[in-house]
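Here are my notes on the model you sent round. They go from the overall fold to single residues, and each point can be checked against the coordinates.

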Amino acid sequence: MSLFTEKKPVAFVTRVETFSACHRLHSKQLDDGENKRIFGKCNNPNGHGHNYKVEVTVRGPVNAVTGMVMNVVDLKGIINSVVMDVMDHKHLDYDVPVFRDSNLVSTTENVAVVIFEGIKNHLPDHVDLHEIKVHETEKNIVVFRGDYE
Ligand SMILES: Nc1nc2c(c(=O)[nH]1)N=C([C@H](O)[C@H](O)COP(=O)(O)OP(=O)(O)OP(=O)(O)O)CN2
Ligand SMILES: [Zn+2]
């Protein structure tokens, strides 16, 4: 079988970016005691910071002419506008509208969901957003693939 003559290969492409941000785990839906009990030291009003690593993985057919699912330069531009411009060197709870103006707690789970929802509609029609992986620390990592219960 020769390449591309019978079936189009489908590939996954990942772009990695890092950003620095601070936050505090605190739910507006809970009182101070419950916040302290659930979030412990992470509820400290002074907040704390992380160097987040975000892996954005898209899935699509490899174009027979360009050899690409999509140009990673274009993917980088999308990540810059959705993630870097919005979250880098920011306080997630006070500076990022989706957290500031809602009841969302700035957990890594919610950061991953926010990034997924922000990126998915910017992709070309033939490309799907497969996965967002957010490393809050080297030990704490969350994956979101767009699944809802
Ligand atoms: N399910 C989640 N649990 C926690 C999250 C989260 O996003 N999702 N986040 C935190 C805190 O933000 C905290 O920064 C991480 O806590 P921790 O792992 O305790 O961080 P340390 O660096 O202190 O960990 P060490 O064990 O000392 O290395 C908490 N929970
Ligand atoms: Zn934290």
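1. Helices here are DSSP runs of H or I with at least four residues, strands are runs of E with at least two, and both are numbered from the N terminus. Counted in this way, the protein has five helices and five strands. Their sequence from the N terminus on is β-α-β-α-β-α-α-α-β-β. Please keep in mind that this is a predicted model.

2. Overall dimensions and burial. The C-alpha trace spans about 65 × 30 × 30 Å along its principal axes. The protein has 149 residues, of which 19% count as buried. Taking contacts between residues at least 6 apart in sequence, 67% join residues that are at least 24 apart.

3. The sheet. Five strands form an open sheet in the order 3-1-2-4-5, and the pairing is mixed. Strand 3 (90–91) and strand 5 (141–144) are the edge strands; each has a single partner strand, so one side of each has no neighbour in the sheet. As a reminder, strands of a sheet pair through backbone hydrogen bonds, in either a parallel or an antiparallel sense.

4. Strand pairs, taken along the sheet order. Strand 3 and strand 1 run parallel and are joined by two bridges; A21 has K90 in strand 3 as its bridge partner. Strand 1 pairs with strand 2 in the antiparallel sense over 14 bridges, and within this pair T18 is matched with K53 of strand 2. Strand 2 and strand 4 (residues 128–135) are antiparallel, with seven bridges between them; here V56 has I132 of strand 4 as its bridge partner. Strand 4 and strand 5 are also joined, by four bridges, and run antiparallel. I132 stands opposite F144 in strand 5, and a hairpin connects these two strands through five residues.

5. Helices on the sheet. Which strands does helix 2 touch? Helix 2 (residues 72–87) packs on the sheet against strand 1 (10–23), strand 2 and strand 3, and its direction makes about 20 degrees with that of strand 1. Helix 5 (residues 108–120) packs on the sheet as well, touching strand 2, strand 4 and strand 5, with about 150 degrees between its direction and that of strand 4.

6. Helix 5 in detail. The length of helix 5 is easy to check: at 1.5 Å a residue, its 13 residues should span 18 Å, and the end C-alpha atoms are 18 Å apart, which agrees. The buried residues of this helix are V111, A112, V114, I115, F116 and I119. Their cover includes strand 2, helix 2, helix 4 (97–100), strand 4 and strand 5.

7. Helix 1 and the residues after it. Helix 1 is hardly covered, since zero of its eight residues are buried. G40 follows helix 1 and has a positive phi, near 55 degrees. K41 lies in the loop between helix 1 (32–39) and strand 2 (48–61). Is K41 buried or exposed? K41 has 8 other C-beta atoms within 10 Å, and a residue counts as exposed at 12 or fewer, so K41 is exposed. K41 and L25 are 16 residues apart in sequence, with 8.9 Å between their C-alpha atoms.

8. H89. This residue sits in the loop between helix 2 and strand 3. H89 is not a glycine, yet its phi is positive, at about 60 degrees. Most residues other than glycine have a negative phi. H89 counts as exposed because it has 11 C-beta neighbours inside 10 Å.

9. H122. The loop between helix 5 and strand 4 holds H122. With 15 C-beta neighbours inside 10 Å, H122 is partly exposed. Leaving out residues up to four places away in sequence, H122 touches I78 and V82. H122 and I79 are 43 residues apart in sequence and 9.6 Å apart in space, C-alpha to C-alpha.

10. Ligand 1. The residues around ligand 1 are L25, C42, H48, T107, T108, E109, E136, T137, K139 and N140. By class, this shell has two nonpolar, five polar and three charged residues.

Terms used:
Residues numbered from 1 in each chain as written. Chains lettered and ligands numbered in written order. Predicted model: local features only at pLDDT ≥ 70, side-chain atom pairs only at ≥ 80, totals over all residues. Buried ≥ 20, exposed ≤ 12 C-beta atoms within 10 Å, placed from the backbone. Near = placed C-beta within 6 Å. Nonpolar A, V, L, I, M, F, W, Y, C, P; charged D, E, K, R; others polar. Contact = placed C-beta atoms within 7 Å. Pairing = 2+ DSSP bridges. Axes fitted to C-alpha atoms, helices over the stretch in contact; angles between N-to-C directions. Expected span 1.5 Å × (residues − 1).
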